[in-house]
Amino acid sequence: MSGILRKLGWALYAVVVLATFVVSGYFAFSLFVRRGATTVPEVVGLTEVEASARLSDQGLELLVREDSARFDDEMPAGSLLQQSPGAGSLVKRGSAVEGVVSLGPELVEVPKLEGMALPAAQVTLTAAGLTPGRTAGVFGEWETPGTVVRQNPAAGSRVGRGAPVELYLCREARGRTFLMPDLVYRDYEQVRRFFERHGMRLGSVKFEVYEGIAPGVVLRQFPLPGHPLRQSEVISLVVASSEQVGA
């Protein structure tokens with residue numbers, strides 16, 4: 001019986017010794033592995049010079065491949081977009097941290113749109129990678145109505161891809177505008193001379209027999225009284241006559 005207990009005691013002792021060896025070996029190996037290790041700092045958003053300095057303080061170096069650089073709408077040109085390993089990673093001193101550099105927003109040249117009709121200008125902007133912005137009408141004397149007479153930004157400017165371009169379209173010139181007077185029961189010859197003197201045009205003038213009304217008196221008119229009247233508009237009259245004639 002005592003022999004069995006002695007063997008069990010030796011076995012227990014051996015287990016304890018083995019466990020102690022394993023635990024000690026684990027901690028010794030872990031200490032060996034961690035010796036000379038450091039934590040990777042955050043360098044995203046820094047310039048290459050700033051990132052190199054920060055990594056150098058930790059015994060690390062920055063590795064940037066030129067062919068990895070890419071455009072980014074938010075990160076300024078020259079700043080790091082990404083890093084690998086990421087911030088907080090544990091690495092050996094002397095290791096390299098790879099970085100991707102931002103080229104900044106991708107710039108495109110604004111095309112010349114002046115003289116184009118609105119649909120053509122919109123298609124041209126979309127093809128150039130830009131966005132048609134707000135449109136506004138302006139009055140012009142020489143340009144064709146509906147065409148672009150001004151743009152913002154100007155042609156040749158370099159802006160970020162997708163940027164809006166404002167378009168100003170030519171509208172038909174208003175010219176001088178009058179209120180159509182009441183011509184009914186007025187003398188036709190006086191009316192005719194008045195409009196000719198002011199550069200207005202009389203168009204259709206018809207003569208009708210109308211009992212009780214003296215010849216040469218205006219019976220009807222178009223446009224009607226009070227209508228806004230431009231110099232380019234044509235005025236039509238019906239005038240009383242002693243007999244049915246055409247003019």
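Colleague: I am new to this structure. In which sense do strand 2 and strand 5 pair?

Modeller: Start with the general idea. Strands of a sheet pair through backbone hydrogen bonds, either parallel or antiparallel. Now the case here. Strand 2 and strand 5 (residues 96-101) pair in the parallel sense. Four bridges join them. Keep in mind that this is a predicted model.

Colleague: Which residue of strand 5 does Leu63 stand opposite?

Modeller: Leu63 faces Glu98 there.

Colleague: In what order do the three strands of this open sheet come?

Modeller: The order is 2-5-3, with mixed pairing. Strand 2 and strand 3 are the edge strands, and each of them pairs on one side only. From one strand to the next, the twist averages 35°.

Colleague: Which helix packs on this sheet?

Modeller: Helix 2, residues 48-57. Helix 2 touches strand 2, strand 3 and strand 5. The direction of helix 2 makes about 145° with that of strand 2.

Colleague: Let me try a single residue. Where is Ser79, and is Ser79 buried or exposed?

Modeller: Ser79 is in the loop between strand 2 (61-64) and strand 3 (80-84). To judge burial, compare the relative accessible area with a cut-off: under 20% is buried. Ser79 has 7% relative accessibility, so it counts as buried.

Colleague: What is Ser79 in contact with, leaving aside neighbours within four places in sequence?

Modeller: Two stretches of the chain appear in the list. One part is Gly45, Leu46 and Thr47. The other is Val100, Val101 and Ser102.

Colleague: Now the other sheet. How are strands 12, 13 and 15 arranged?

Modeller: These three strands form an open sheet in the order 12-15-13, and the pairing is mixed. Strand 12 and strand 13 stand at the edges with a single partner strand each, so one side of each has no neighbour in the sheet. On average, neighbouring strands are turned by 20° against each other, direction ignored.

Colleague: How many bridges join strand 12 to strand 15?

Modeller: Seven, and the two strands run parallel. Strand 15 covers residues 234-241. One of its residues, Ser241, is the bridge partner of Val209. Helix 4 (residues 188-197) packs on this sheet and touches strand 12, strand 13 and strand 15. Its direction makes about 175° with that of strand 12.

Colleague: What follows strand 12 along the chain? Where is Glu211?

Modeller: Glu211 is in the loop between strand 12 (201-209) and strand 13 (218-222). For exposure, the cut-off is over 50%. Glu211 has a relative accessible area of 77%, so it is exposed. Its C-alpha atom is separated by 9.3 Å from that of Ser241, although the two are 30 residues apart along the chain.

Colleague: How do I read a nonpolar core? Which residues have the most contacts inside the largest one?

Modeller: In soluble globular proteins, nonpolar side chains tend to be buried together. The largest core here has 13 residues. Those with the most contacts inside it are Leu183, Tyr188, Phe195, Ile235 and Leu237. Helix 4, strand 12 and strand 15 each supply at least two residues of this core.

Colleague: Take Phe195. Is Phe195 buried or exposed?

Modeller: Buried, at 2% relative accessibility. Beyond four places in sequence, its contacts are Met180, Pro181, Leu183, Met200, Leu202, Leu229 and Ile235.

Colleague: How many aromatic pairs does a search of the whole structure find?

Modeller: Two. Tyr188 and Phe207 form an edge-to-face pair, with 5.9 Å centre to centre and 80° between the planes. Tyr188 lies in helix 4 and Phe207 in strand 12, so the pair ties together parts that are 19 residues apart in sequence. Tyr188 is buried at 13%, and Phe207 is buried at 15%. In the pair of Phe194 and Phe195, the ring centres are 5.3 Å apart and the planes stand at 75°, so this pair is edge-to-face. Phe194 is partly exposed, at 35%.

Colleague: Which residue lies over the face of Tyr168?

Modeller: Arg150, at 5.1 Å from the ring centre.

Colleague: And the whole chain? How many helices and strands does the protein chain have?

Modeller: Four helices and 15 strands. The chain has 247 residues, and buried ones make up 25% of them. Take the contacts with a separation of 6 or more: residues 24 or more positions apart account for 69% of these.

Note on methods. Residues are numbered from 1 along each chain as its sequence is written. This is a predicted model: local features need pLDDT of at least 70, side-chain atom pairs count only at pLDDT 80 or more; totals for chains, interfaces and linings use all residues. Side-chain values use heavy atoms; hydrogens and water are left out. Buried means under 20% relative accessible area, exposed over 50%, partly exposed in between (1.4 Å probe, protein chains only). Contact means heavy atoms within 4.5 Å. Two strands pair if DSSP finds at least two bridges between them. Axes are lines fitted to C-alpha atoms, for helices over the stretch in contact, and angles run from 0 to 180 degrees between N-to-C directions. A nonpolar core is a set of buried Ala, Val, Leu, Ile, Met, Phe, Trp, Tyr and Cys residues joined through side-chain atoms within 4.5 Å. Rings of Phe, Tyr and Trp (its six-membered ring) pair if their centres lie within 6.5 Å; planes under 30 degrees apart count as stacked, over 60 as edge-to-face and the rest as tilted. A charge sits over a ring if NZ of Lys or CZ of Arg is within 6 Å of the ring centre and within 35 degrees of the ring normal.
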